[in-house]
Amino acid sequence: MAASQPRLEKEGDDCSLLPLVHDIIKCMDKDSQDVHQELTKLKAKIQEAREQISNMPGIDSSPSEQQQQLATLREQVRTKNQLLQKYKSMCMFDVPKAS
Amino acid sequence: MATAAEKSTKERLLRALDDLEVLSRELIEMLALSRGQKLPQPGEDTQVLELLVQRDREFQELMEEAQQQGKVHQEMQLLEKEVDKRDSDIQQLQKQLKEAEHILATAVYQAKEKLKSIDKARKGSISSEEIIKYAHRISASNAVCAPLNWVPGDPRRPYPTDLEMRSGMLGHMANLPTNGVNGHLPGDALAAGRLPDVLTPHYPWQSSDVSVGMLPSSLHGNDFGLEPPATNKENEDDVEAMSTDTSSSSSDPTERERETNHQ
């Protein structure tokens with residue numbers, strides 16, 4: 001978990017566009033020829049982010065809706081487990097005492 | 001805010017990304033224009049920059065939220081698999097219960113049929129003593145089983161033979177020996193009270209007290225007299241005459257022997 005958190009922070013930093021914008025502004029201040037290159041990088045970064053968002057699973061609903069769906073699924077599993085347990089352990093045959 | 005909460009995370013992310021693109025382009029254009037004109041913009045670029053930073057922060061938060069949703073989505077997939085497994089277990093159980101119900105229904109039906117048969121048998125029940133008495137009665141004449149000392153050649157048979165029939169009530173009713181053979185019993189012979197003389201072998205079921213000429217009363221009574229084994233030759237002749245008139249299918253071997261000797 002500790003190892004995953006720096007990874008999450010890195011991914012958060014990766015998706016930030018500010019460093020690229022900063023680089024562009026720096027190039028503009030220096031009148032560097034790399035401005036166009038930096039602009040291309042920014043566009044590529046934005047396109048990559050769009051593709052990444054399209055491929056991410058589970059974001060077709062809002063967090064609250066997803067939590068509701070999760071709760072429903074958990075309830076379904078619990079209910080079905082209960083039902084199976086009930087019928088497997090239930091003694092259906094009451095043998096009457098011989099009169 | 002309410003509308004923002006209903007929108008999916010994907011939609012919000014894409015919108016945030018579009019805003020970032022627009023803001024960053026606007027900022028770069030403003031900076032480029034301000035450098036060209038060499039006139040400082042009155043904080044407009046600062047405003048755009050602040051918006052850009054704010055939007056970038058929101059975008060990062062949304063990306064973290066999306067990652068969390070991805071993990072939840074994985075858990076949901078596992079739960080869905082478990083739900084499918086439980087569904088198949090329930091279906092299997094349902095099939096087994098259905099099969100058990102069918103078997104039990106068949107067994108119950110058969111048991112009910114048997115109970116009906118038992119009830120029916122009880123209603124028409126007969127005392128075992130009566131059945132045993134009846135069995136003794138019908139087997140007393142050796143009609144169901146040969147006597148223990150029976151050997152081939154023994155004249156005894158499990159059915160009434162010709163001699164026995166003639167020595168019975170029907171035979172006594174036929175007074176005329178010639179007509180009596182065919183089974184017709186003329187009334188005058190009956191009235192005359194004459195009995196055919198027949199050789200009757202002694203059988204266990206025959207009454208020991210026999211007398212001749214008791215036919216008129218014996219017709220109405222339960223006991224009737226039978227002649228003892230005859231030694232009279234006339235009777236033998238009558239028997240032989242009767243036996244010759246009958247077909248040769250007489251089952252009595254004694255009769256057959258007499259027929260052969262007579263011829």
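**Salt bridges and the interface of chains A and B**

Let me begin with one residue: Lys80(A) has a relative accessibility of 18%, and because buried means under 20%, Lys80(A) counts as buried. The model I am presenting is a predicted one, and Lys80(A) is a convenient entry to the contact between its chains.

The side chain of Lys80(A) forms a salt bridge with that of Asp87(B), at 2.4 Å from N to O. Asp87(B) belongs to helix α3 of chain B and Lys80(A) to helix α4 of chain A, residues 63-89, so this pair joins two chains. Asp87(B), in contrast to the buried lysine, is partly exposed, at 27% relative accessible area.

Let me now turn to a second site. Here Arg50(A) is linked with Asp18(B), Glu21(B) and Arg25(B) in a network of salt bridges. Within that network, Asp18(B) and Arg50(A) meet through their side chains at 2.5 Å, N to O. This pair also crosses between chains, running from helix α2 of chain B to helix α3 of chain A, residues 35-55. Both partners count as partly exposed: Asp18(B) has 33% relative accessibility, and Arg50(A) has 21%. The side chain of Arg50(A) also meets that of Glu21(B) in a salt bridge, with an N to O distance of 2.7 Å. As a general remark, side chains of opposite charge can pair when their charged atoms come close.

Glu21(B) leads us to a neighbour in chain B. Its backbone oxygen lies 2.9 Å from a polar atom of the side chain of Ser24(B). Ser24(B) is found in helix α2 of chain B and is buried, with a relative accessible area of 2%. What does Ser24(B) touch, leaving aside residues up to four places away in sequence? The answer is Val21(A) and Leu42(A) from chain A, together with Leu52(B) from chain B.

We may now consider the interface as a whole. In it, 46 residues of chain B are in contact with 45 residues of chain A. The two chains bury about 4,200 Å² between them, and 70% of that area is on carbon and sulfur atoms. On the side of chain B, Lys10(B), Ile28(B) and Arg35(B) lose the most area to chain A, together accounting for 14% of what that side buries.

How many salt bridges are counted between chain B and chain A? There are five, while a search of the whole structure finds 19 over all chains. Polar contact across the interface amounts to 15 residue pairs, with both residues at pLDDT 80 or more. Three helices of chain B, namely α1 (2-6), α2 (9-37) and α3 (44-123), each supply at least two residues of the side that touches chain A. Of these, α3(B) gives the most, with 27 residues. By class, that side of chain B has 22 nonpolar, eight polar and 16 charged residues.

For comparison, I include a salt bridge within chain B. Arg156(B) pairs with Asp154(B), their closest N and O atoms being 2.8 Å apart. Arg156(B) is partly exposed at 22% relative accessibility, whereas Asp154(B), at 13%, is buried.

Finally, a word on confidence. Chain A has a mean pLDDT of 82, and 77% of its residues reach 70 or more. Over residues 1-12 of chain A, however, pLDDT stays under 50, and the model has four contacts beyond four places in sequence for that stretch. Where pLDDT is low, the predicted coordinates should not be read in detail.

Terms used: Residues are numbered from 1 along each chain as its sequence is written. Chains are lettered from A and ligands numbered from 1 in the order in which they are written. Side-chain values use heavy atoms; hydrogens and water are left out. Contact means heavy atoms within 4.5 Å. Buried area is the accessible area (1.4 Å probe) that two parts lose on being put together, summed over both. A salt bridge is a side-chain nitrogen of Lys or Arg within 4 Å of a carboxyl oxygen of Asp or Glu. A polar contact is a pair of N or O atoms within 3.5 Å; within protein, one must be able to donate a hydrogen and the other to accept it, and residues adjacent in sequence count only if both atoms are side-chain atoms. Helices (H or I, at least four residues) and strands (E, at least two) are DSSP runs, numbered from the N terminus. Ala, Val, Leu, Ile, Met, Phe, Trp, Tyr, Cys and Pro count as nonpolar, Asp, Glu, Lys and Arg as charged, and the others, Gly among them, as polar. pLDDT is the predictor's confidence in each residue, from 0 to 100. Buried means under 20% relative accessible area, exposed over 50%, partly exposed in between (1.4 Å probe, protein chains only).
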